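The following questions and answers introduce one protein structure to a reader who has not seen it before. The sequence and model come first.

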Amino acid sequence: DTLDVIEPLLDGHVDTVAGRLRDGLDSLRANIPDEGAEVRGHGLWLALELGGNGNGGDTANATVSAKEVARAALSRGLVVNPVTETALRIAPPLVIAEAEIDEGLARLGGALEEVGACR
């Protein structure tokens, strides 16, 4: 099947870039003052929870919405998916380069700053 062909070609690449992405998202999360902020997911299928009792709970305490961040990210050329009121899905392609991860994180950081989600 297709994965039998693709996986040997990637040879650990996904683990490398996924670790870099998670580390970068953890750094961004550390600048979000809401205690409910977290990074969750596996591999390159991750979510940045902005806080405000996310995970389906009361979002009344949220300082910024995921839609606001997604709009600001899109204006910077980065597509992220606001899957709940307070969570953004980040799902880059398996073949993404480390430099592209870094660029995406910088753009997301700028979007978070623009909407006032960071300290």
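Q: In what order do the four strands of the open sheet stand?
A: This is a predicted model. Its open sheet has four strands, and their pairing is antiparallel. Read across the sheet, the order is E1-E2-E4-E3.

Q: Which strands stand at the edges of the sheet?
A: An edge strand has a single partner strand, so one side of it is left without a neighbour in the sheet. The strands in that position are E1 and E3.

Q: How many bridges join E1 to E2?
A: Strand E1 covers residues 38-42 and strand E2 covers residues 45-49. The two run antiparallel, and glycine 41 stands opposite leucine 46 in E2. The number of bridges joining E1 to E2 is five.

Q: Which residue in the turn between E1 and E2 has a positive phi?
A: E1 and E2 form a hairpin, with two residues between the strands. In this turn, a positive phi of about 60 degrees belongs to glycine 43.

Q: Which residue in E4 stands opposite leucine 48?
A: E2 is also joined to E4, by four bridges, and these two strands run antiparallel. Opposite leucine 48, the residue in E4 is leucine 88.

Q: What is the bridge partner of proline 82 in E4?
A: Strand E3, residues 81-82, is joined to E4 by two bridges, and the two run antiparallel. They form a hairpin with four residues between them. In E4, proline 82 has as its bridge partner leucine 88.

Q: How are H2 and H4 oriented to each other?
A: The axes of H2 and H4 are 10 Å apart, and the helices pack at an angle of about 20 degrees. Their crossing is right-handed. Angles under 35 degrees count as roughly parallel. H2 and H4 are therefore roughly parallel.

Q: How are H3 and H4 oriented to each other?
A: Helix H3 spans residues 66-74, and its axis lies 8 Å from that of H4. The crossing of H3 and H4 is right-handed. The packing angle is about 125 degrees, which is neither over 145 nor in the range 65 to 115. H3 and H4 are therefore oblique.

Q: Which element gives the largest share of the lining of the largest pocket?
A: The largest pocket holds about 310 Å³ of space. Two or more lining residues come from each of helix H2 (13-30), strand E4 (87-90) and helix H4 (98-114). The largest share, seven residues, comes from H4.

Q: How many residues in the lining of the largest pocket are nonpolar?
A: The lining has 19 residues, and those nearest the centre of the pocket are Leu78, Ile90, Pro92, Ile96 and Gly104. Three of the lining residues are polar and four are charged. The number of nonpolar residues is twelve.

Technical notes:
Residues numbered from 1 in each chain as written. Predicted model: local features only at pLDDT ≥ 70, side-chain atom pairs only at ≥ 80, totals over all residues. Heavy atoms only, no water. Pairing = 2+ DSSP bridges. 1 Å grid on protein atoms, 1.4 Å probe; cavity = no way out; pocket = protein on both sides within 12 Å on 5 of 7 lines; lining within 4 Å. Points joined across faces, edges and corners; volume = space filled by probe spheres on them. Nonpolar A, V, L, I, M, F, W, Y, C, P; charged D, E, K, R; others polar. Axes fitted to C-alpha atoms, helices over the stretch in contact; angles between N-to-C directions. Left-handed = near helix turned anticlockwise from the far one by under 90°.
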